[in-house]
Amino acid sequence: MAVLYCRLCRRSAFTGRRHRYSAGHRRRLQEALTQLQEATAAARAAAAAADVASAVQRYDPAEHDGRVWCPCCGRGVRRDGRRGGLALLQAGLMRHLAGPEHRRETARFWRENRAEATLRERCLVPAEEYERFAQALERALAEHQRREEERILQMAADIREAERRQRETVQAALQVGEPTTQSSFEPVAGGGCSFGNI
Ligand SMILES: [Zn+2]
Ligand SMILES: [Zn+2]
């Protein structure tokens, strides 16, 4: 008798067919498909949002290393993508749901489990939709890069300006210390008590 290992129930069953019709397996199937549908809907909604720029964030392992379990492919899929020090929200999951492996595995999974055919579309992302998202994401990344370069240039300018002021202050301090031809009884200009200096 063929022994089948059921990835959904995480156990071996002696007859695949009978196991797949068991109440426990149907319940787990229902749960897994509901979760996958919800994850797919959330990814597509985020990807369709007008402001894809908000999908580009500074990478934080506590936030952006989460995985979504794909029951069809039998593995965890990274939800967010990563590019250097940046996290791309939902990009990992979108890519998986639009890819050929997932499309093939959902077909097999649906056939094996005799899942409701209409639900399959809710666990896939059309290729054109992913393409649009990927392009919008590239634009958002380029924009982020441009702003980052601007910020660095501004920081460099600020540092140069601060150094220039510091040099001036030092020079002014040195000049105050130098003997001058002015009378030493005159109040120092700019002092808080120089009421008569108009
Ligand atoms: Zn099972
Ligand atoms: Zn998958």
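1. In this predicted model, the axes of helix α2 (residues 23–48) and helix α4 (residues 91–98) come within 10 Å and cross at roughly 115 degrees, where axes are lines fitted to C-alpha atoms, for helices over the stretch in contact, and angles run from 0 to 180 degrees between N-to-C directions. Helices (H or I, at least four residues) and strands (E, at least two) are DSSP runs, numbered from the N terminus. The crossing angle therefore makes α2 roughly perpendicular to α4, a term that covers 65 to 115 degrees, while angles under 35 degrees count as roughly parallel, over 145 as roughly antiparallel and the rest as oblique.

2. The crossing of α2 past α4 is left-handed, meaning that the near helix is turned anticlockwise from the far one by less than a right angle. On the α2 side, Ala-39, Thr-40, Ala-43 and Ala-47 meet Leu-93, Met-94 and Leu-97 of α4; two residues are in contact if their C-beta atoms, placed from the backbone, lie within 7 Å. By class, this contact has 6 nonpolar residues, 1 polar residue and no charged ones, with Ala, Val, Leu, Ile, Met, Phe, Trp, Tyr, Cys and Pro counted as nonpolar, Asp, Glu, Lys and Arg as charged, and the others, Gly among them, as polar.

3. An open sheet of 3 strands follows the order β3-β7-β6, with antiparallel pairing, and two strands pair if DSSP finds at least two bridges between them. Because β3 (56–58) and β6 (81–83) stand at the edges with a single partner strand each, one side of each is left without a neighbour in the sheet. Neighbouring strands of this sheet are turned by 35 degrees against each other on average, direction ignored. Between β3 and β7 (residues 86–88) there are 3 bridges, and Gln-57 stands opposite Ala-87 in β7.

4. Strands β4 (residues 67–70) and β5 (residues 75–78) run antiparallel and are joined by 4 bridges; Trp-69 has Gly-76 in β5 as its bridge partner. The two strands form a hairpin with 4 residues between them, and Gly-74 in the turn has a positive phi of about 65 degrees.

5. The protein chain averages a pLDDT of 88, and 87% of the residues score at least 70, pLDDT being the predictor's confidence in each residue, from 0 to 100. Among the elements of the chain, helix α1 (residues 16–20) has the lowest mean pLDDT, 81, and α4 the highest, 97. Over residues 191–196 pLDDT stays under 50, and the model has 3 contacts beyond four places in sequence for them. Where pLDDT is low, the predicted coordinates should not be read in detail.

6. Residues are numbered from 1 along each chain as its sequence is written, while chains are lettered from A and ligands numbered from 1 in the order in which they are written. Local features need pLDDT of at least 70 and side-chain atom pairs count only at pLDDT 80 or more, whereas totals for chains, interfaces and linings use all residues.
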